[in-house]
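Let's take a walk through this one together, starting with the whole chain and then stopping at a few spots along the way. Keep the viewer open as you read.

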Amino acid sequence: MKTAVVTDSTAYITEEMRERLNIHMIPLSVIFDGETYREEIDVTAEEFYNKVKEEGKLPTTSQPSIGEFVALFEKLAEEYDAVVTVHLSSGISGTFNGAVSAGTIVGNIQVYPFDSEVSCLAQGFYAIEAAKMANEGRAPEEIIARLEEMKKSMRAYFMVDDLANLKRGGRLNSAQLLVGSLLQVKPILHFENKLIVPFEKIRTRKKALNRIFELFDEDANLKVPMDAVIIHANRQEEAEKIKEDLQSKYPHIHFTISYFGPVIGTHLGDGAIALGWYKH
């Protein structure tokens with residue numbers, strides 16, 4: 001059985017890696033003044049942050065239509081028997097459900113949707129693993145079982161500079177926002193039951209980052225092989241410094257730098273930083 005792997009653009013897997021591993025990507029979009037830009041195709045992360053700065057306002061975001069999924073799956077059916085399709089958390093986007101619905105419409109390929117329950121390169125880790133297994137000729141059921149196993153140790157914590165974007169996009173409720181704005185805190189957020197929720201409320205950016213490093217240390221000190229990613233919103237230099245510091249402290253861990261692209265950047269805003277990891 002020949003299996004294709006699909007993920008959406010919010011995994012922020014580089015084009016080079018997608019091509020090398022044969023990962024197919026379906027884009028989400030940002031909409032500025034009625035004009036739609038497909039992320040990773042029509043607009044890069046850098047262009048997005050510059051555009052937000054110039055325009056002084058945030059765009060809206062949109063998920064792929066079921067029709068786009070159907071068209072992609074039908075095209076893949078010409079060459080593949082099955083598709084494993086990995087998506088951002090169904091608690092913050094309808095993208096996963098769109099893939100599920102499209103899977104019931106196409107009849108000539110078996111579709112195996114996987115809800116990562118996270119986003120960005122933490123989600124990308126699943127797609128990369130799935131692609132490596134698919135390239136080895138592993139069955140889709142085996143791939144999904146491995147992704148479920150990875151989920152047990154997958155962690156991601158992030159800090160935002162301003163909670164207003166999350167509130168405006170409906171990704172964080174008003175009560176949580178009020179607490180944040182009153183105390184001027186830099187809350188550490190994470191995914192719980194597929195939703196973005198506060199993990200801890202901390203006063204300063206530096207203390208919030210140090211707390212994330214503490215949480216990471218609990219797993220890193222187990223000395224088992226791990227993959228980790230530092231994700232940033234327009235903070236490349238800061239991300240590189242974090243990577244350098246962590247890599248010297250934990251030589252047994254493989255670190256990557258990634259970014260919050262346009263769709264996720266719309267909700268988290270400039271300056272957000274995250275750390276995600278899983279045990280092999």
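Of the 280 residues in this chain, 52% count as buried. Keep in mind that you're looking at a predicted model. The chain is built from eleven helices and 13 strands. Its radius of gyration comes out at 18 Å, close to the 19 Å that the globule rule gives for 280 residues, so the chain is as compact as a globular protein of that length. If you draw a box around the C-alpha atoms along the principal axes, you get roughly 55 × 50 × 30 Å. Take the contacts between residues at least 6 apart in sequence: 73% of them join residues at least 24 apart. As for the outside, the chain exposes about 12,600 Å², with carbon and sulfur atoms supplying 50% of that area.

Now for the details, going roughly from the N-terminal end. Look at Asn22, in the loop between α1 (15-21) and β2 (23-26). The phi of Asn22 is near 65 degrees, which is a positive value in a residue other than glycine. Is Asn22 tucked away? With a relative accessibility of 35%, Asn22 counts as partly exposed, because that value falls between the 20% and 50% cut-offs.

Next stop is helix α2 (residues 45-55), where you'll find Tyr49. Tyr49 has a relative accessible area of 5%, so this residue is buried. What does Tyr49 touch, leaving aside its neighbours within four places in sequence? Its contacts are Ala233, Asn234, Phe260, Gly261, Gly265 and Asp270. Glu117, on the other hand, sits 68 residues along the chain from Tyr49, and their C-alpha atoms are separated by 25 Å.

Move on to helix α3 (residues 66-77) and pick out Lys75. Lys75 is exposed, at 59% relative accessibility. Measure across to Ile109 in your viewer: 34 residues separate it from Lys75 in sequence, and the C-alpha to C-alpha distance is 9.8 Å.

Now we get to some strand pairing. Strand β6 (residues 82-87) and strand β7 (residues 110-115) run parallel and are paired through six bridges. Within this pair, Thr85 of the one strand stands opposite Pro113 in β7. To get from β6 to β7, the chain passes through helix α4 (residues 95-105), making a right-handed β-α-β crossover.

Helix α5 (residues 120-135) deserves a look as well. With 16 residues, α5 spans 22 Å from its first C-alpha to its last, close to the 22 Å expected at 1.5 Å a residue. Since 14 of the 16 residues of α5 are buried, this helix is largely enclosed by the rest of the structure. Just after α5 comes Gly137, with a positive phi of about 85 degrees.

Farther on, in the loop between α6 (140-151) and β8, sits Ser153. Its relative accessibility is 10%, so Ser153 counts as buried. Besides its neighbours within four places in sequence, Ser153 is in contact with Trp277, Tyr278 and Lys279.

From there, follow the antiparallel strands. Strand β8 (residues 155-159) pairs with β9 in the antiparallel sense over three bridges, and Tyr157 stands opposite His190 in β9. Strand β9 (residues 188-192) is mostly covered, with four of its five residues buried. β9 is also joined to strand β10 (residues 195-200), in an antiparallel arrangement with five bridges. There, the bridge partner of His190 is Val197. β9 and β10 form a hairpin with two residues between them. One to look for in that turn is Asn193, which has a positive phi of about 50 degrees although it is not a glycine. Is Asn193 buried or exposed? Its relative accessible area is 67%, so Asn193 is exposed.

The last stop brings back a parallel pairing. Strand β11 (residues 226-232) and strand β12 (residues 253-259) run parallel, joined by seven bridges. Ala228 has Phe255 in β12 as its bridge partner. The chain goes from β11 through helix α10 (residues 236-249) to β12, and this β-α-β crossover is right-handed.

Technical notes: Residues numbered from 1 in each chain as written. Predicted model: local features only at pLDDT ≥ 70, side-chain atom pairs only at ≥ 80, totals over all residues. Heavy atoms only, no water. Expected span 1.5 Å × (residues − 1). Buried < 20%, exposed > 50% of the residue type's maximum accessible area, 1.4 Å probe, protein only. Pairing = 2+ DSSP bridges. Right-handed = clockwise from strand over helix to strand, strands pointing away. Rg over C-alpha atoms; globule rule 2.2 N^0.38 Å. Contact = heavy atoms within 4.5 Å. Areas by Shrake-Rupley, 256 points an atom, 1.4 Å probe, with all protein chains shown as cover.
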